[in-house]
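Visitor: I would like a close look at one part of this chain. Please start from a single residue and work outwards.

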Amino acid sequence: MKKIKLGSSDLEVGEISLGCMRMNKLSKKDASEVIENALDCGVDLFDHADIYGGGESESVFAEAINMNDDVREKMKLQTKCGIRKGFFDFSKEHILESVEGSLRRLKTDYVDSLLLHRPDALMEPEEVAEAFTKLKESGKVRYFGVSNQNPMQMELLKKYLPEDLIVNQLQLSLVHTPMIDAGFNVNMQNDPAVVRDSNVLEYCRLNNISIQAWSPFQHGMIEGPFIGNEAFPEVNAKLQELAEKKGVTDSAIAIAWILRHPANIQPVVGTMNKGRMQDIAKASAIELTREEWYELYLSAGNDLP
């Protein structure tokens, strides 16, 4: 699998990562096989969050691989914090407590990256900076990022942070493309022209912040997958056509479409199916032409001006 650098960091990772939200539903044996299979595929960044399975997903992960120093060196671990029951919390106290909990469950001394999970309207950026500095100086977190934040929210944080944010995790799939749509429809009076994210795609490219694409197979936010969904006949037909042409699966083509973008976007794939992970990993070797990329974009119901 091809490697990419995350933002301005020295973290070199496979260009596809594994999201571990559903790992709490697996047995220790099954989880171990999923993790080892991912590593065999070249997937070495594992994305966690303190809320996944109420923290159990992190525990299952560590127990499944019998976490130790040798195993730890084979992978990069990322976790997120800030979502609590009924509210968001970027307080210094919560960030520090959350990281301690994740480290305990993951049975490790440090995580490679920590992301703030959802924007907290009550955020005090000075508090966040204090928490990040303490975590960095103690060696418990190597790098920091955010999730679901727009450029001005990141700018507010950056005013107080002593170092760069390296990641912004955002929803992106072939049928969820608002960050791309607005770029085609500049100064036009139609719905795709509405800039919903303050040009976050261009901002991240300009500031060397890696975008990690969550839910790369989903339509809407939680509605379900679009692949194989009869509600999306045109995009599925085009995916199947290109899959047959290139000798891979439709899922691999959907991921290859994201990878083809020059922003070096890293898809976060949440499958717990070993065979599907193997199929998806083949996307790293697929080179979509410019014409094929646009054909897929149009097949998803988009128009070009």
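Visitor: In which loop does S198 lie?

Guide: S198 belongs to the loop between α7 and α8. This is a predicted model, in which local features need pLDDT of at least 70 and side-chain atom pairs count only at pLDDT 80 or more, while totals for chains, interfaces and linings use all residues. Residues are numbered from 1 along each chain as its sequence is written, and side-chain values use heavy atoms, leaving out hydrogens and water.

The helices and strands named here are DSSP runs, numbered from the N terminus (helices: H or I, at least four residues; strands: E, at least two). Helix α7 covers 178-184, and helix α8 covers 200-206. S198 has a positive phi of about 60 degrees, although it is not a glycine. Most residues other than glycine have a negative phi. S198 has a relative accessible area of 39%, so it is partly exposed. Buried means under 20% relative accessible area, exposed over 50%, and partly exposed in between (1.4 Å probe, protein chains only).

N187 is found in the loop between α7 and α8 too. The phi of N187 is near 60 degrees, again a positive value in a residue other than glycine. With a relative accessible area of 78%, N187 is exposed.

On the other side of α7 comes another loop, the one between β10 and α7, and L172 lies in it. L172 counts as buried because its relative accessibility is 2%. The C-alpha atom of L172 is separated by 8.5 Å from that of Q218, although the two residues are 46 residues apart along the chain.

That loop leads to strand β10. Seven of the seven residues of β10 are buried, so the strand is largely enclosed by the rest of the structure. Two strands pair if DSSP finds at least two bridges between them. Strand β9 (residues 141-147) runs parallel to β10, and three bridges join them. Here S147 stands opposite Q169 in β10. Strand β10 (residues 165-171) is also joined to β11 by five bridges, and these two run parallel. In that pairing, L170 stands opposite A213 in β11.

Strand β11 (residues 210-214) is mostly covered, with five of its five residues buried. In a regular strand the side chains alternate between the two faces of the sheet. On one side of β11 are S210, Q212 and W214, on the other are I211 and A213, and all of them are buried, which leaves both faces covered. Strand β14 (residues 266-269) pairs with β11 over three bridges in the parallel sense. W214 has V268 in β14 as its bridge partner.

Charged side chains give a second way of looking at what holds parts of the chain next to each other. Side chains of opposite charge can pair when their charged atoms come close. The structure holds 19 salt bridges, a salt bridge being a side-chain nitrogen of Lys or Arg within 4 Å of a carboxyl oxygen of Asp or Glu. One of them is formed by E33 and K274, whose closest N and O atoms are 3.1 Å apart. E33 lies in helix α1 (residues 28-40) and K274 in helix α11 (residues 274-281), so the pair ties together parts that are 241 residues apart in sequence. E33 counts as partly exposed because its relative accessibility is 28%, and K274 counts as partly exposed because its value is 35%.

Another salt bridge joins D47 and K80, with the closest N and O atoms 2.7 Å apart. D47 is in strand β4 (residues 45-47) and K80 in strand β5 (residues 76-81), 33 residues apart, and the pair links distant parts of the chain. Both partners count as buried: D47 has 2% relative accessibility, and K80 has 0%.

R84 and D89 also meet through their side chains in a salt bridge, at 2.7 Å from N to O. R84 counts as partly exposed because its relative accessibility is 37%, whereas D89, at 10%, counts as buried. Elsewhere, D10, R72, D112 and R142 are joined into one network by salt bridges that share partners.

To return to the starting point, S198 is a partly exposed residue in the loop between α7 and α8, whereas strand β10 is largely enclosed by the rest of the structure.
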